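Trainee: Before we begin, may I ask that each classification be justified by setting its value against the cut-off?
Mentor: Certainly; let us take the terms one at a time.

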Amino acid sequence: MKEFAFDIKLAAVVRVCATDEKSARAILPVVLDCIDLSEATIDGINDGYGVADVKLTEASISQDDEDGPQLFEVDGKPV
């Protein structure tokens with residue numbers, strides 16, 4: 001069986017606990033950029049599609065917006 005790798009873009013919500021927004025923004029690239037997800041198999045995908053396994057192997061963040069990631073919530077409240 002062959003393994004096919006695709007480069008795709010995903011949208012995600014990342015929650016960071018920090019003393020202020022500046023600190024929270026500073027830690028994002030340190031923690032997330034090119035994170036190794038240890039090739040964890042996505043459970044349950046095999047049942048419906050008959051494939052050997054599906055893995056999310058790495059993730060990185062992009063700075064498409066010049067202000068960085070969009071802040072939309074603080075302590076569970078919309079901003």
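**Terms and their grounds**

Trainee: Why is Phe4 called exposed?
Mentor: In this predicted model, Phe4 has a relative accessible area of 61%. Exposed means over 50%, so Phe4 is classed as exposed. Phe4 lies in the segment before α1 (21-32).

Trainee: What makes Phe4 part of a nonpolar surface patch?
Mentor: The patch, about 620 Å² in area, is made by Phe4, Phe6, Ile8, Leu10 and Leu56. Patch residues need over 30% relative accessible area, and Phe4 has 61%.

Trainee: Why is the contact of Arg15 with Glu73 called a salt bridge?
Mentor: Their side chains meet at 2.4 Å, N to O. The cut-off is within 4 Å, so the pair qualifies. Arg15 belongs to the segment before α1 and Glu73 to strand β3 (residues 73-74), so the salt bridge ties together parts 58 residues apart in sequence.

Trainee: How do you know that Arg15 is exposed and that Glu73 is partly exposed?
Mentor: Arg15 has a relative accessible area of 62%, and exposed requires over 50%. Glu73 has 24%; buried would require under 20%, so Glu73 falls in between as partly exposed.

Trainee: What makes Arg25 and Glu21 a salt bridge?
Mentor: Their closest N and O atoms are 2.8 Å apart, against a cut-off of 4 Å. Both residues lie in helix α1, 4 residues apart, about one turn of the helix. Arg25, at 28% relative accessibility, is partly exposed, and Glu21, at 40%, is also partly exposed.

Notes. Residues are numbered from 1 along each chain as its sequence is written. This is a predicted model: local features need pLDDT of at least 70, side-chain atom pairs count only at pLDDT 80 or more; totals for chains, interfaces and linings use all residues. Side-chain values use heavy atoms; hydrogens and water are left out. Patches are made of residues with over 30% relative accessible area and no salt bridge: like charges are joined within 9 Å, nonpolar side chains (Val, Leu, Ile, Met, Phe, Trp, Tyr) within 5 Å. Accessible areas come from the Shrake-Rupley method with a 1.4 Å probe; for residues, only the protein chains shown count as cover. Helices (H or I, at least four residues) and strands (E, at least two) are DSSP runs, numbered from the N terminus. Buried means under 20% relative accessible area, exposed over 50%, partly exposed in between (1.4 Å probe, protein chains only).
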